[in-house]
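Notebook open, structure loaded. I'll jot down what I look up as I go, starting with the ligand.

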Amino acid sequence: MQRITVQTTPIEGQKPGTSGLRKKTHVFMQPHFLENFIQSIWVGIGGVEGKTLVLGGDGRYFNDRAAQVILRMAAASGAKKMIVGQNALLSTPAASNLIRIRKTDGGIIMSASHNPGGPKEDFGVKFNTANGGPTPEELTNRIFEASKSVTAYDIVETQDIDLSQLGTTELAGMEVEIVDPVADYAALMQSLFDFGAIRDLLASGFRLRFDAMHAVTGPYAKAILEETLGAPEGSVVNAVPSPDFGGGHPDPNPIWAKELMDVVFGEGAPDFGAASDGDGDRNMIVGRNIYVTPSDSLAVLAANAHLAPGYSDGLKGVARSMPTSRELDRVAAAKGLDCFETPTGWKFFGNLLDAGRVSLCGEESAGTGSDHVREKDGLWAVLLWLNILAVKRQPVASIMTAHWEQYGRNYYSRHDYEGVDSDKANALVDALRGKLIHLPGQDFSGLTVESADEFAYDDPVDGSRSENQGIRIGFTGGARIVFRLSGTGTVGATLRVYLEDVETDPSKMHRDAQETLANVIAAADEIAGIEAYTGRTAPDVKT
Ligand code: VG1
Ligand code: CO
């Protein structure tokens, strides 16, 4: 076993986006690419010597190879210990939990989340800090700066470690502990929810279907939903993590989880359906014949969390990312809770959670979570829903109707224009930015602009400021449009247009969202010139 120093030169494009560094897999596999980025993480965190880190990933193509490289680099740079999920698997929330309960210095998660995987698709790496949460902006910048001046990295030359055997082993003086990826996470879930009540619900004939989308939550959902809570075998489908996610996009939305949608809208549909993404931090919730938007789900969970033992004392406060619908704000107002609006990306919730200002947060992109870890958590959201259903014993559709009648309904949709030429997307945003001050008072498709600005966030805990976090346009009456460019894609640009309108008349709670939002959708094109800039007449994905 030999420790060597490899000379390298900086590689362009190692700037992490909304959640870690994501690239085409072949880019990550090119000589020194992964190594340079890992070395930059070491530099960013002030060296890895003497430190203990968690390591795991979502099982996508190259996950196994990358794990061996990271372990050999950690050993060569003097890390004390690495805690690794068996077969290098760990869901993002389980990794966050391990970092916290084992009080490590952080962890590395190998995932491009909901992006597809495989040799022609995407790979990614993210670093989480000692609180279990994603790298804050300031550390992200340090890592990126380090990537621009990296000249060498240390690595051990040796055989691969067998990551399939649980237990402790050693690599060039560094301890490697291989742990069951599910056990600690399952125990955490059991401490938060009334498993007895959920078991009773499932024994009463209530049927559920969980679609793991060939991604990392398969083993977690099998162990918790089937083996512990007694859902019949086969309730969890697509449960074996595969390197290319069965050739699909592990993105839990009505388009990519169509198989599940067809089942819950079909004959003999189960009572409840759910899906999760590549790394297990997103969730999709459906009931028989009803799709629950992530923004609505967040609001329902905020309104009912007290029904679960882990939240029976009530919530400290709630938070949502700026583009997420303001359905949550209605619940917060009714319950007298603080409601924070943060930029897109889970990293912005960390300080609020650490400071005890909020205990539940979420994003319109199917991310929901609480202060139990510092990541969004797909299976947690499913279990909280099941706990609520176990108490209420009502169909999902009835719960939604009652919720909207009580709080009002914010009709909501996100339109994504994918793979747009980056220059054109930037030109659209620049032009929009340039005309913001002139918009208030103007009419578009029958809507009058009340406010128009570019969102900036002042963190109430550490005082840091994050600018350019999306353009938001408010209309009289409560409608809103948000425009922003995605920070997770690997090809061209993705323009996200978030559309919302308010309805308080209880007789108008069951309309089609796209139809109801038609004038808001038209106003978005009129204001931003989407078709003129991108040449697209319709979005690629509507969620
Ligand atoms: C998207 C979502 C954002 C989410 C991020 C990471 O980012 O919009 O809400 O936090 O993905 O989620 P963007 O920049 O593409 O809009 V995950 O599950 O992909 O780590
Ligand atoms: Co994810």
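**Entry 1: ligand 1.** I started by asking which residues sit closest to ligand 1. The shell around ligand 1 has 20 residues, and the closest are Thr 18, Ser 113, His 114, Thr 488 and Arg 496. I keep in mind that this is a predicted model.

Next I sorted that shell by residue type. The split is 10 polar and 10 charged, with no nonpolar residue at all.

Then I went through some polar side chains one at a time. Arg 484 puts a polar side-chain atom 2.6 Å from an oxygen atom of ligand 1. For Ser 486, I also read 2.6 Å between a polar side-chain atom and an oxygen atom of the ligand. Ser 19 comes in at 3.4 Å, counted from an N or O atom of its side chain to an oxygen atom of ligand 1.

**Entry 2: the start of α4.** I moved on to Ser 91, which belongs to the loop between β4 (81-89) and α4. Is Ser 91 buried or exposed? Its relative accessible area is 2%, so I put Ser 91 down as buried; the cut-off for that is under 20%.

What does the Ser 91 side chain reach at the start of α4? One of its oxygens gets to within 3.1 Å of the backbone nitrogen of Ala 94. I looked at the pair from the other end too: the Ala 94 backbone nitrogen lies 3.1 Å from a polar atom of the Ser 91 side chain.

**Entry 3: the rest of α4.** How many residues of α4 are buried? I noted 8 of 10 for this helix, which spans residues 92-101, so I call α4 mostly covered. The buried ones run Thr 92, Pro 93, Ala 94, Ala 95, Ser 96, Asn 97, Leu 98 and Ile 99. Ala 94, the partner of Ser 91 in that 3.1 Å pair, is therefore on the buried list as well.

Just past the helix I checked the backbone: Lys 103 has a positive phi, about 50°.

**Entry 4: two helix pairs.** First I took α8 (residues 217-228) with α13 (residues 378-392). Their axes come within 11 Å and cross at roughly 20°. Angles under 35 degrees count as roughly parallel, so that is what I wrote for α8 and α13. I have the crossing down as right-handed.

Second, I took α2 (residues 33-44) with α5 (residues 137-147). Here the axes are 8 Å apart and the packing angle is about 125°. That makes α2 and α5 oblique to each other. Which hand is the crossing of α2 and α5? I noted right-handed.

**Entry 5: two spot checks.** I picked Leu 328, which is in helix α11 (residues 327-335). Leu 328 has 1% relative accessibility, so it counts as buried. I paired Leu 328 with Val 358: they are 30 residues apart in sequence, and their C-alpha atoms are 13 Å apart in space.

The other pick was Gly 474, placed in strand β24 (residues 471-475). Gly 474 is at 12% relative accessibility and therefore counts as buried. I paired Gly 474 with Val 240, 234 residues away along the chain, and got a C-alpha separation of 44 Å.

Methods: Residues are numbered from 1 along each chain as its sequence is written. Chains are lettered from A and ligands numbered from 1 in the order in which they are written. This is a predicted model: local features need pLDDT of at least 70, side-chain atom pairs count only at pLDDT 80 or more; totals for chains, interfaces and linings use all residues. Side-chain values use heavy atoms; hydrogens and water are left out. Buried means under 20% relative accessible area, exposed over 50%, partly exposed in between (1.4 Å probe, protein chains only). Helices (H or I, at least four residues) and strands (E, at least two) are DSSP runs, numbered from the N terminus. A polar contact is a pair of N or O atoms within 3.5 Å; within protein, one must be able to donate a hydrogen and the other to accept it, and residues adjacent in sequence count only if both atoms are side-chain atoms. A residue is near a molecule or strand if one of its heavy atoms lies within 4 Å of it. Ala, Val, Leu, Ile, Met, Phe, Trp, Tyr, Cys and Pro count as nonpolar, Asp, Glu, Lys and Arg as charged, and the others, Gly among them, as polar. Axes are lines fitted to C-alpha atoms, for helices over the stretch in contact, and angles run from 0 to 180 degrees between N-to-C directions. Angles under 35 degrees count as roughly parallel, over 145 as roughly antiparallel, 65 to 115 as roughly perpendicular and the rest as oblique. A crossing is left-handed if the near helix is turned anticlockwise from the far one by less than a right angle, and right-handed if clockwise.
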